[in-house]
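Visitor: I have a structure to look through, and I'd like to learn how to read it feature by feature. Could you walk me through it?

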Amino acid sequence: MQNKGLISTLAIALALVCIYQLSFTVASYKVKKEAREYAGGDLNKEVAYIDSVASLPQDQWSFLGNTYKEVQSKELNMGLDLKGGMNVVLEISVEDIIRALSDYSTDKTFNEAIALAKKKQLSAGNEDFISLFVRSFEEIDPNARLAAVFGTVELKDRINFNSTNADVQKVLETETNSAIDNAFNVLRNRIDRFGVVQPNISHLQPRGRILVELPGVKDPQRVRDLLQGTANLEFWETYENSEVIGYLMQANEYLRSIMPAQTVTADTETVTADTDTVTAARDTTGAEDRSLLDMVSSDTTITPEASSLEEFTRQNPLFGLLRPNVTQDGQPVPGCLVGFAAGKDTARVNRYLDMNQVKALFPRELKFYWSQNPYKYDDTNTLYELHAIKITTRDGRAPLTGDVVTGARPSTGVTGSDIKVDFSMNGEGAKIWQRMTRDNIGRCVAVVLDDYVRSYPRVQNEIAGGNTEITGDFTLEEAEDLANILKSGKMPAPARIIQDTVVGPSLGKAAINDGLKSFIIAFIVVLIYMVFYYSRSAGLVADVAMTVNLFFMMGVLVSLNAVLTLPGIAGIVLTIGMSVDANVLIFERIKEELRSGKGVKQAIADGYKGASSAIIDSNLTTLITGIILYYFGTGPIKGFASTLVIGIITSLFSAVLLSRLVYEALLKRNVNLKFYAPHTKNFLTHTKIDFVRLRKYGYIFSITLTLVSIIALSTKGLSRGIDFTGGRNYVVKFEQPVSTTQVSQLLADDLEGAPIVVTFGSDNQVKISTKYKVDDPAATDEVNDLIYNGLQELIPGVDKDTFINEYIVSSETVGPTIARDQSTRAIWVIILAITGMSIYIILRFRKWQYGIGALVTLAHDVIIVLGIYSILQGIMPFSMDIDQAFIAAILTVVGYSINDTVVIYDRIREYLPLYRKRPRKEVFNMALNSTLARTLNTSMTTLFVLVVIFVFGGEVIRGFIFALLFGIAFGTYSSLFISTPVLYETTKKKGESSDTQAAEPDKKKIAG
């Protein structure tokens, strides 16, 4: 063997790197074990212990010069399905970026083009929004020029009157890409400050989508607020309550005049105004003459009885919903706070105030903002404040924004209870702030974040230098998040959540236990099988090679900071099962060489040489599948692909190179090597099955199955998961067994249709699937409330927080846009994988017939697996949805099937020139029979592994493994009865009979 020194050095270096990288995982596990022992089952105490160790400086706790927090960042990165946490896909609004670049143009063609582009985007797949917008703009008005819209002050250096639409499109693309990159950096800064260990943030296609993975997150809603907030911080001057109350009284009078016969309550009716012309009397004297005390009631702090409230609301449509901020005697309270309304009534108040006739009563400089948090002195915690904002700029924007903030931090007052946010401004901001405070001494300045008032301090004196503070009844957590957002910077455009997955820690822990159990059992089964079939000496060498392969695989995963997911564990176990193939190919070749009379040393050398071509070809085709899956997949599927790709590479190194080194060392010591056990010595050695003659039966069987599958797919179809349809999935665990029918009926009314409910694992756990408000990311809390309220009958005495945190063990939301894109991507993945493998085989074997045989085989396997899923959906006691995991299974089947096919093709290619005088039928049969032991050994080992995972691997991947079981079985069958027969048919010479005997060539040889 050549280059033994280089291979040994490389193996030692790789082993040392893996030991170093994995040592951090061992050190972290030790601390977590101590935390579990300390907590005694209390999850909060366990987390607190780990957090306390992570906060220790290096001189108090270290490992190889790293603090525990640094050790955590270098340990094996567990995916959300194993560790629990949150996976979010955000989409940056390119529409808002374009509007901002146009300086919010009111041009009719521009706005119509935006609307048309949004419609086209629903069916345009992955085409970017800018291209759709430009095309729509030109369709609406072919003579219109984008330069007239985007020739703003900001873009005047790059866009002028002579710029073509193509020139403007390039500028828009550049600016949009810059804005998306800026948004990516803002999100990354926010996440880094959030304190999550091993977060992951990455770009997705199409441009503008960003994946955020946060393992171990305990408060998903806080994450949603943090990621979606644009951090649009504004400082506004305000009106005094006494300056506005008269206008509100006029609005109330007008509303009463247009709906005299309506009884309007705060809970029921929706009011629409007529279109009569209103005389906008701006004189407030008449309204002031009528006492607020008479209008609001003698005591505004006392809630009227239901009947009187209804009468009051009928007489005062606005003040029935919006309680004026007045004293006991009806006088306006000083400040910019003008009224209070229940959270459920704020939308109706907005509709009243946005009516053109009502707006005509107000000064043009007046607008209203609601408070973000409920009024702090309201015991019911349901009233929100309405504030009067004064517009002082020509363009209607805030005079001072968060762009000027240079630093921010949370702080507390003297007592420690007054939590606030201190921040500083740059020079320009400090000047504007100084002017604003100088002009508004004695008045309030509203601090507005994302269109909600956070605080409204009264200015006591002029503030110079730009250092100030925001107060607003913050909790410490809210103050930390606000400071984080201010330091990270403003988002260039809103980020909308289009996919949202939350996995609870209990489900993650169960997944780890199930995954490890299946992994250990499967690994032991493979090790025992190799010793059983190939003797103790050869089998143990193979076992050592597979153990080293596993060690290298885990070390490389940690080194590359790859994420280990539950499908990733399945990928590792499957890789181990498939890595047997290389050993089997080598061992079967060595056995053939030994039977031909060669010595052990020469047989080993020739066996490795003869098997190398088939090993490389088969693994390269599987590698194509893994690479395609890694490129197109996201989340857990990407984890599966990464372990598959890494496993293929490390198995090649360990099985082909390292095992050869071991044999060389054993031969030097004159160790008696055997490559067969007494009970398997002649198993499948002298088979003479006429596969070519049997091919017609294979055709009949395959055509029948294919037709049945096509009929099932045409009539019954497939159950597409929310990955491809959009929707919401909730896995809910109850204290006792529940009926899926009952759960569906309880939720049918609230969710506007009966959700799909199936048992998920044990009979006290169900998966609920619904499409209720799936296109509204902000509706997550509403859906949680509806599910909680609907299931009250099954969870008596359980409060809402307990239900959400403990009973809902996982949730997933996929928006319709990303679902549609994932459907398109899945189709392309399968097409590209099959086409790529077929092209590789044509190039490798230099005949198109080989590619046709592979293509027919792969199409056959895919159609039959899809057909089985269609036929058995609703019958099997586990989920058989077609989702991204299923696509991974299909591609794995494709890779495995082509692996089998390539091994047989390689032997046919080898035999054809060796036995030129023999009939092709005989050569094909010889090739199939000579590889039969390898085909069945590899298949049986892989199927053993899959059965173990199917039984012990847990509910989450059961459907995934089910697809693999059928796929591997049919892949083995098709390599024998489809791919080779198709190759035989397409290469058969004209006039050649499949029944031609081999006797004639042999007679000629004897006569010669």
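Guide: Happy to. Keep in mind that this is a predicted model. Let's begin with the core: in the largest nonpolar core, which has 122 residues, the members touching the most others are Ile572, Phe587, Tyr663, Ile841 and Phe886.

Visitor: Which helix gives the most to this core?

Guide: That's helix H19, residues 505-559, with 19 residues in the core. There is also another core, apart from this one, with 44 residues; Leu132, Phe137, Leu187 and Ile497 are among them.

Visitor: Take Tyr663, then. What is it in contact with, leaving aside neighbours within four places in sequence?

Guide: Tyr663 is in contact with Ala538, Val541, Phe587, Ile604, Tyr608, Leu673 and Phe675. Tyr663 also belongs to a cluster linked by ring pairs, together with Tyr529, Tyr533, Tyr534, Phe587, Tyr608, Phe675 and Phe944.

Visitor: How many aromatic pairs are there?

Guide: The count is 37 aromatic pairs. To read one, look at the distance between ring centres and the angle between planes. For Phe551 and Phe552 the centres are 5.9 Å apart and the planes are at 40°, so this pair is tilted. The 40° matters here because planes under 30 degrees apart would count as stacked and over 60 as edge-to-face.

Visitor: Are those two rings buried or exposed?

Guide: Phe552 is buried, at 3% relative accessibility, while Phe551 is partly exposed, at 29%. Another tilted pair is Phe950 with Phe962, with 6.3 Å from centre to centre and 40° between the planes.

Visitor: What does the pair of Phe950 and Phe962 tie together?

Guide: Phe950 is in helix H32 (residues 932-952) and Phe962 is in helix H33 (residues 958-987), so the pair ties together parts 12 residues apart in sequence. Phe962 is buried, with a relative accessible area of 8%.

Visitor: And charges over rings? Which residue has its charged end over the ring of Tyr608?

Guide: Arg660 does, with its charged end 5.2 Å from the ring centre. Tyr608 is one of the residues in the ring cluster we just met. Elsewhere, Lys390 lies over the face of Tyr239, 5.0 Å from the ring centre.

Visitor: Next, helices. How do I tell which side of one faces inward?

Guide: Here's the general idea: an α-helix has 3.6 residues a turn, so residues three or four places apart point the same way. Now try helix H15, residues 346-353, where the buried residues are Thr346, Arg348, Val349, Tyr352 and Leu353. Looking down the axis of H15, you find these buried residues within an arc of 160°, so they line one face of the helix.

Visitor: What do the buried residues of H15 pack against?

Guide: Two helices and three strands are on the list: helix H11 (241-258), helix H16 (356-359), strand E7 (337-342), strand E8 (366-370) and strand E9 (383-390).

Visitor: On to salt bridges. How many does the structure hold?

Guide: It holds 30 salt bridges. One of them joins Lys118 and Glu95, whose closest N and O atoms are 3.5 Å apart. Lys118 is in helix H6 (residues 108-121) and Glu95 is in helix H5 (residues 94-101), so the bridge ties together parts 23 residues apart in sequence. As for exposure, Lys118 is partly exposed at 40%, whereas Glu95 is buried at 19%.

Visitor: Which parts does the salt bridge of Arg397 and Asp103 tie together?

Guide: The N to O distance in that bridge is 3.0 Å. Arg397 is in the loop between E9 and strand E10 (400-401), and Asp103 is in the loop between H5 and H6, so the bridge ties together parts 294 residues apart in sequence. Arg397 is partly exposed at 38%, and Asp103 is partly exposed at 48%. Bridges can also join into a network, as they do for Arg589, Glu592, Arg907 and Glu910.

Visitor: One last feature: the backbone. What is the phi of Asn670?

Guide: Asn670 has a positive phi of about 60°, although this residue is not a glycine. Asn670 lies in the loop between helix H22 (636-668) and helix H23 (691-715), and is exposed, with a relative accessible area of 69%.

Visitor: Where does Arg846 lie?

Guide: Arg846 is in the loop between helix H28 (816-845) and helix H29 (848-872). Arg846 also has a positive phi of about 60° without being a glycine, and is exposed at 75% relative accessible area.

Definitions and conventions. Residues are numbered from 1 along each chain as its sequence is written. This is a predicted model: local features need pLDDT of at least 70, side-chain atom pairs count only at pLDDT 80 or more; totals for chains, interfaces and linings use all residues. Side-chain values use heavy atoms; hydrogens and water are left out. A nonpolar core is a set of buried Ala, Val, Leu, Ile, Met, Phe, Trp, Tyr and Cys residues joined through side-chain atoms within 4.5 Å. Buried means under 20% relative accessible area, exposed over 50%, partly exposed in between (1.4 Å probe, protein chains only). Helices (H or I, at least four residues) and strands (E, at least two) are DSSP runs, numbered from the N terminus. Contact means heavy atoms within 4.5 Å. Rings of Phe, Tyr and Trp (its six-membered ring) pair if their centres lie within 6.5 Å; planes under 30 degrees apart count as stacked, over 60 as edge-to-face and the rest as tilted. A charge sits over a ring if NZ of Lys or CZ of Arg is within 6 Å of the ring centre and within 35 degrees of the ring normal. The arc is that of the directions from the helix axis to the C-beta atoms. A salt bridge is a side-chain nitrogen of Lys or Arg within 4 Å of a carboxyl oxygen of Asp or Glu.
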